[in-house]
Amino acid sequence: MALLRRSHRPAEMLSRLARASVPASLATSNIYSNTQTRYASAAARLQPNPVYSQPPPRPNLPRPLPLTEQQVEQYFREGFLICPSFIDVAELDECLVAVSGLVDHVANRLYDTGRIKDKCESAPVSQRLWLLEQQFKGANVLMHKGGVLPAEFQRVWSNDKLLDAVTQFIGGDIAGHPVWNLRCKTPKTEQATVPWHQDNAYVSPECENTLQVTAWIPLVDANMTNGCMQVLRGGHMSGATAKHTCCAGDTWYVECDMKEMQSSLGVSEADVVTCEMPRGGVLFMNNAIPHRSLENLSENIRWSPVHLVAGLIGQPHSHRVLETVETVWLGR
């Protein structure tokens, strides 16, 4: 896979990602078939895996590090870290403007092809896609799978503070994975409610011993009402991948039930952590921690368009359904 050196112009740096999309033909149970056989013995599963449990040496950067040693230790001990005030909300305001433009594009496509009769142009960005969804079931998926990474998102993804934090987790040059998601979590929508899973269930088997850092960044306050994230504290420690099935309901998601995770990963309902956080916050996770997003029971869309996945350059990190898409070296 080709690697591109990071420049100081994020629009150029990530331009190839704007063309990335997931073919519908790949969103089937076939691509996940071999996840059924990737299990270690019970004893091996519960042994700490140093890839996920041991922090790297403290990096030597020419500026103060954004995370304390205690925060880095928590990330490796628990599998996640919540930083409530991390991203400048002004950058997120710019992202919301970009989101509005993307919704407008979807509305025009649906209207021009006769799928809807009202483009709902006067509706706010917190409601408009939901109103389109009520006219055309699938508007949400069109938005989610659009494959367009606007410059405003690119600037957040290449934020120095964010990349410095990732460097603290992986300890070297960062390879930015092309997996990013515009999560348009419309109210009471099955395709916007993600079940329990580990990200490793979506990657090629040879990548399971590569630490990949996810930075989940909501554009609005995320809470239990509008469908925030939940994680299973400590479920990452062994690095094992539990048995997942596909697909959950009428979606393309893999899922893992609690009984299986208790057996394979040594976690239970008592380990569930609800990750409520204000806009400007970041939830850092690794690729072995079980997590899910709750259903949106509010009357507004929960937008979370920035979903950075990054790993150490030179290590395998292919996403199962994106194996032909080029990665981008963020040069860190």
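The following exercises, with worked solutions, concern the packing and burial of residues in a predicted model.

Residues are numbered from 1 along each chain as its sequence is written, and side-chain values use heavy atoms, with hydrogens and water left out. Local features need pLDDT of at least 70 and side-chain atom pairs count only at pLDDT 80 or more, whereas totals for chains, interfaces and linings use all residues.

**Exercise 1. Determine how the axes of helix 5 and helix 6 are arranged, and which residues meet.**

Step 1. Helices are DSSP runs of H or I with at least four residues, and strands are runs of E with at least two, numbered from the N terminus. Helix 5 covers residues 89-112 and helix 6 covers residues 128-135.

Step 2. Axes are lines fitted to C-alpha atoms, for helices over the stretch in contact, and angles run from 0 to 180 degrees between N-to-C directions. The two axes come within 10 Å and cross at roughly 20 degrees.

Step 3. Angles under 35 degrees count as roughly parallel; helix 5 and helix 6 are therefore roughly parallel to each other. Their crossing is left-handed (the near helix is turned anticlockwise from the far one by less than a right angle).

Step 4. With contact meaning heavy atoms within 4.5 Å, V103, D104 and A107 of helix 5 meet R128, L129 and L132 of helix 6. By class, four residues of this contact are nonpolar, none is polar and two are charged.

**Exercise 2. Identify the buried residues of helix 6 and the elements that cover them.**

Step 1. Buried means under 20% relative accessible area, computed with a 1.4 Å probe and protein chains only. In helix 6, the buried residues are R128, L129, W130, L132 and E133.

Step 2. The cover over these residues includes helix 5, helix 7 (139-144), strand 3 (183-185) and strand 11 (302-304).

**Exercise 3. Describe the surroundings of H236 and A240 in the loop between strand 5 and strand 6.**

Step 1. H236 lies between strand 5 (229-232) and strand 6 (245-246). Its relative accessibility is 0%, so H236 counts as buried.

Step 2. A polar atom of the H236 side chain lies 2.7 Å from the backbone oxygen of F76. Leaving aside neighbours within four places in sequence, the contacts of H236 include Y52, Y75, F76, N286 and P290.

Step 3. A240 is found in the loop between strand 5 and strand 6 and is buried, at a relative accessible area of 11%. A240 and L265 are 25 residues apart in sequence and 6.9 Å apart in space, C-alpha to C-alpha.

Notes:
Angles under 35 degrees count as roughly parallel, over 145 as roughly antiparallel, 65 to 115 as roughly perpendicular and the rest as oblique. Ala, Val, Leu, Ile, Met, Phe, Trp, Tyr, Cys and Pro count as nonpolar, Asp, Glu, Lys and Arg as charged, and the others, Gly among them, as polar. Buried means under 20% relative accessible area, exposed over 50%, partly exposed in between (1.4 Å probe, protein chains only). A polar contact is a pair of N or O atoms within 3.5 Å; within protein, one must be able to donate a hydrogen and the other to accept it, and residues adjacent in sequence count only if both atoms are side-chain atoms.
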